[in-house]
Amino acid sequence: MNFLKNKYTYLVIASMFMFSSCDDYLDINDNPNNPTEAPISALMVNSTFETAQNTFRMGDISTNYVQHLASPNPASSSDVMDPVNYSGTWSNMYNVMTDLSDLINQSGENGANHYQGAGQILMALNLGMTVDAWGSIPYSEGLDFQTITPSYDDDSELYQEILNLLDQGLVNLSNPTEVSLGEDDFIYSGDISKWMKLGNMLKARYLNHYSETGSYDPAAVLAALDNGMESNADDAQVEYFPEQFNPWANVAINNADLLLGGWISEQFIESLDGTLYGVQDPRLPYMVGATDDGEYIGVENGAGRGDAPEQGARSVLEPGDYYSSELSPILIATYFEQKFIEAEAAFGIDKSRSYEAYLTGIRAHMTKIGVEPAEIEAYMSDPEVSMGEADFTIDDIFKEKWIALFLHPETWVDARRYDYSYEDFDLPVNVNPDLNGEFISRLAYPDSEVSRNGSNVPDVSLTDKIFWDE
């Protein structure tokens, strides 16, 4: 509890610095008593915490697209893949990247190599989430406030920047430093060995996104993973505290108070209850709530709840479950995700390694969320799950990864790379007719950006693909 209080104190102090240090480039007055530059410790607190928040924010956008969640209201814009204005999320992504730019620059000037390395890894992560959602974005001119109409960098070129940032970060983390990370690091509390494992894991993640392109190099993915995470203990996550609840818990609490949200998609329920795959998955009660009758019933995306009441008749996120408890962590990058990346990359090179990584990924996720050992063994022994190397397919990897990465934005990347080919995965009811029968491929650029920087905003539609999906 003292550690949680310390985290909250760090966050409050960092927020004060962040608000006081935000430069307004139109303000000609300098107040010598008001700091214009936040210390790197405050930047680290804010950047690690807000990276978790951004993981939630991007997951909150994409969960309906991948049919983890569904709206209780018919033809909800998120369900039916309408263009939605995500100006707030866009701003939050840039706020973190701007802070990280300051952190990287100041750390380099101060010989704080480990801060700089961690900052570069976090920059790669936040940049990656932003590119994966919108494609081309302002970056080279987008973080220093030198222009109010920054140019856009090509999405494929930004991926090279992501990989460069990860390489630079790993080098800086391996170098000696004059200033050490500590409790101002909300992810690893200053454990540099874990930061290096994260950097390698993320390198594998982003290299694996090239799977549908001519640039895909599965051997490079596996080489990065050789220096990646070794167990669930290496997971990159931010734990919450009594003064700051997990944001998915807030969704669950609001739903209980009839601010409806966090309803579970019928697709997700039927993928775990035996309907679609012929095996009951013991993770279901650990992840979502049952109805008042003890059943698991989802909502069809786009259709809404029909004549079901506001509570008790459909499965929802509920307080107390793994993903939606008040003090649950937000999972940024995990060992079980890494094992599914390994399984995919190794599939055409070393199928035995691929199959073992697939099985390990399932076990790691089940262990992570608290499934009982006997339940794990029963699931793992089912021939629908442990089908043997000969009958093992790439579809099995994507299906299990889709379950394990519940509520995580990376699942939308997978869905697009996989052409949304999960079992019986159909377009939602009342789908946006402008999609012409296709699934959504990117977000619309936010209204705030169009109004401020419209001459530079690319002319794209919701079905125009990110470069790695073409």
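## Exercises on a predicted model

Glu300 sits in the loop between helix 11 (284-287) and strand 2 (330-333). The model is a predicted one. Work through each task with the structure open.

### Exercise 1: Glu300 and its patch

Task: Find Glu300, classify its accessibility, and state which residues form a negative surface patch with it.

Solution.

Step 1. Go to the loop between helix 11 (284-287) and strand 2 (330-333); Glu300 is there.

Step 2. Take its relative accessibility, which is 40%. Partly exposed covers what lies between under 20%, called buried, and over 50%, called exposed. Glu300 therefore counts as partly exposed.

Step 3. List the patch. Glu300 forms it together with Glu266, Asp395, Glu423, Asp424 and Asp426.

Step 4. Check one other member of the patch. Glu423 lies in the loop between helix 16 (410-417) and helix 17 (447-453). Its relative accessibility is 39%, so Glu423 counts as partly exposed.

Step 5. Add a distance. Glu300 and Ile162 are 138 residues apart along the chain, and their C-alpha atoms are separated by 37 Å.

### Exercise 2: The whole chain

Task: Describe the make-up of the protein chain, and explain why it is as compact as a globular protein of its length.

Solution.

Step 1. Count the elements. The protein chain has 17 helices and two strands.

Step 2. Compare two radii. The radius of gyration is 22 Å, and the globule rule gives 23 Å for 470 residues. These values are close, so the chain is as compact as a globular protein of that length.

Step 3. Give the box. Along the principal axes, the C-alpha atoms fill roughly 65 × 50 × 45 Å.

Step 4. Look at burial. Of the 470 residues, 57% are buried.

### Exercise 3: Salt bridges

Task: How many salt bridges does the structure hold? Work through the pairs of Glu230, Glu449 and Glu50, then name a network.

Solution.

Step 1. Start with the total: the structure holds 19 salt bridges.

Step 2. Take Glu230. Its partner is Lys197, with the closest N and O atoms 2.9 Å apart. Glu230 lies in the loop between helix 8 (218-225) and strand 1 (236-238), while Lys197 is in helix 7 (residues 192-208), so the pair ties together parts that are 33 residues apart in sequence. Glu230 has 57% relative accessibility and counts as exposed. Lys197 has 16% and counts as buried.

Step 3. Take Glu449. It forms a salt bridge with Arg452, and here the closest N and O atoms are 2.8 Å apart. Both are in helix 17, three residues apart, so about one helical turn separates them. Glu449 is buried at 1% relative accessibility. Arg452 is partly exposed, at 43%.

Step 4. Take Glu50. It pairs with Arg57, and the closest N and O atoms are 2.9 Å apart. Glu50 and Arg57 are both buried.

Step 5. Finish with the network. Salt bridges link Asp226, Lys339, Glu342 and Arg353.

### Exercise 4: Positive phi

Task: Locate Ser189 and Leu258, and explain why a positive phi in a residue other than glycine deserves a second look.

Solution.

Step 1. Recall the background. Most residues other than glycine have a negative phi, so a positive value departs from what most of them show.

Step 2. Read Ser189. Its phi is positive, about 50°, although Ser189 is not a glycine. Ser189 lies in the loop between helix 6 (155-174) and helix 7. Its relative accessible area is 40%, so Ser189 is partly exposed.

Step 3. Read Leu258. Its phi is near 75°, again a positive value in a residue other than glycine. The loop between helix 9 (247-256) and helix 10 (266-272) holds Leu258. With a relative accessible area of 41%, Leu258 is partly exposed.

### Exercise 5: Thr275 and Asp273

Task: Where do Thr275 and Asp273 lie? Classify each, then give a distance for each.

Solution.

Step 1. Place them. Thr275 is in the loop between helix 10 and helix 11. Asp273 also lies between helix 10 and helix 11, in the loop.

Step 2. Classify them. Thr275 has a relative accessible area of 49%, so it is partly exposed. Asp273, at 25% relative accessibility, counts as partly exposed.

Step 3. Give the distances. Thr275 and Ile332 are 57 residues apart along the chain, with 30 Å between their C-alpha atoms. Asp273 and Glu295 are 22 residues apart along the chain, with 10.0 Å between their C-alpha atoms.

Methods
Residues are numbered from 1 along each chain as its sequence is written. This is a predicted model: local features need pLDDT of at least 70, side-chain atom pairs count only at pLDDT 80 or more; totals for chains, interfaces and linings use all residues. Side-chain values use heavy atoms; hydrogens and water are left out. Patches are made of residues with over 30% relative accessible area and no salt bridge: like charges are joined within 9 Å, nonpolar side chains (Val, Leu, Ile, Met, Phe, Trp, Tyr) within 5 Å. Accessible areas come from the Shrake-Rupley method with a 1.4 Å probe; for residues, only the protein chains shown count as cover. A salt bridge is a side-chain nitrogen of Lys or Arg within 4 Å of a carboxyl oxygen of Asp or Glu. Lys and Arg count as positive and Asp and Glu as negative; His and the chain ends are not counted. The place of a charge is taken as NZ of Lys, CZ of Arg, CG of Asp or CD of Glu. Helices (H or I, at least four residues) and strands (E, at least two) are DSSP runs, numbered from the N terminus. Buried means under 20% relative accessible area, exposed over 50%, partly exposed in between (1.4 Å probe, protein chains only). The radius of gyration is taken over C-alpha atoms; the globule rule is 2.2 Å times the number of residues to the power 0.38.
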